[in-house]
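Subject: Structure for you to look through

Dear colleague,

I am handing over the structure below, and after it I describe what was found. Please keep it open while you read.

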Amino acid sequence: MYMDNSATSPVDEEVLKEMLPFFNERFGNASTLYRLGVDAKEVLEKARKQVADLINADPSEITFTSGGTESDNMVIKGIALKEIQKSTEENPRNHIITSAIEHPAVLKTCEFLEKFGFEVTYLPVDEEGLISLDDLKNAIKDSTILITIMHANNEVGTIQPIKEIGEIAREHNIPFHTDAVQSAGKIPVDVKEQNIDLLSLSSHKINGPKGVGAVYIKKGIRLEVFMHGGGQENGLRSGTENIPGIVGFGKAAELANERLEEHMKHNQEIRDALIEKVLANIKDSYVNGSLEHRLPNNVHFRFSGVEGESLILRLDNEGIDGATGSACSTHDLKGSHVLAALGIKPALSHGSLRLSIGPENSIDDVDYIVASIKKVVDYLRDLSPLWDNEEDKYIGDRFEKPVEDEDLDRY
Ligand code: PLP
């Protein structure tokens, strides 16, 4: 039972079928003039339209990249390098606003820019993972060149008030970027309606192939070129286009768009049943993040007295694939920077479990999943020094320390 769709998702059969001819039969380079090349150029433009339609953009506003990480880097560094050229001592153009719970593709890019004299404000979040719009307004300065706040969080699934953030950015004439890697194809994304200027997408989160993504750049917004070379993608992203990947991404975007309502309903039904049954059946279990502002395909639990890595390995034995901490970095045993920012103490954040739902999961599996989680949690608590078996309660508090600053910047 694969329940880690926020880490990556299987390529849809229809997507795969669409991609296959582009490896060896229709293998042209989209920059060449003969028929094979023209064919590649045509499917490239078709995919651009399919991706644009998913977020209500114009195809000319879509640039293909190698994935969400590149898209985030391209936007943040591209704006930073463009603006710094206009910077003067009296009128600096070097301030970026982001949040404490962004994906490392955003956070590490911002940290990198700090080394070169950029100033970054990392907005805190409340216990549900939401930023405060007042904090955002207060953080804006004359030197602010970019606001980058993710649409939905990859760990706890919290959805930010993106339209309102965009409105504030527009009022101050500051470009607004959102990392929509986890939200596009899962909930409605509309760049016009939601006041978005720049947006990052990734194909492998929506049943498309890995290694392909896109950036939406609203007409009129200028970025410094990030990848120099042969001038593909309107000079913004050089390198021979990954035609099979882009064709697959286009098809995946089209299917995600067509099936959005149906998938939202399907995912939400499973999500809500999992939450209800886990909370009812497992003592000392909690939901991380927001119940109200939450991706329909995300559940994120915390079980006191349990260690997340063991939870994942034992659930694997039960045939269930899930994640603890951030799936992009499970090789890294540090506590999650997202859970720390939500104020969850390190020992408790280590006992977390993310299950991210996909079209292949079924409501009929919920009872088995809940029974398996209960079995594994009971087993691990039996062995845990943080759980008193006689009293059947968590005793880890006595070893706890409050969340420290250093916990907040671990990722
Ligand atoms: N942004 C978010 C919110 C993500 O969840 C991920 C991947 O997990 C990325 C960016 C990186 O995307 P990619 O794997 O396509 O580089």
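Strand β9 (residues 298–303) pairs with β10 in the antiparallel sense over 5 bridges, where strands are DSSP runs of E with at least two residues, helices are runs of H or I with at least four, and both are numbered from the N terminus; two strands count as paired if DSSP finds at least two bridges between them. This is a predicted model, in which local features need pLDDT of at least 70 and side-chain atom pairs count only at pLDDT 80 or more, while totals for chains, interfaces and linings use all residues. Residues are numbered from 1 along each chain as its sequence is written, and side-chain values use heavy atoms, with hydrogens and water left out.

Within the pairing of these strands, H300 stands opposite R354 in β10. The open sheet has 3 strands in the order β8-β9-β10, with antiparallel pairing, and its edge strands, each pairing on one side only, are β8 (285–287) and β10 (352–356).

Turning to the cores, the largest nonpolar core (buried Ala, Val, Leu, Ile, Met, Phe, Trp, Tyr and Cys residues joined through side-chain atoms within 4.5 Å, buried being under 20% relative accessible area with a 1.4 Å probe and protein chains only) has 62 residues, and I55, I62, F64, I147 and L199 have the most contacts inside it. Helix α8 (residues 243–258) gives the largest share of this core, 8 residues. A second, separate core of 26 residues includes I270, V299, L311 and L315.

Best wishes

Conventions. Buried < 20%, exposed > 50% of the residue type's maximum accessible area, 1.4 Å probe, protein only.
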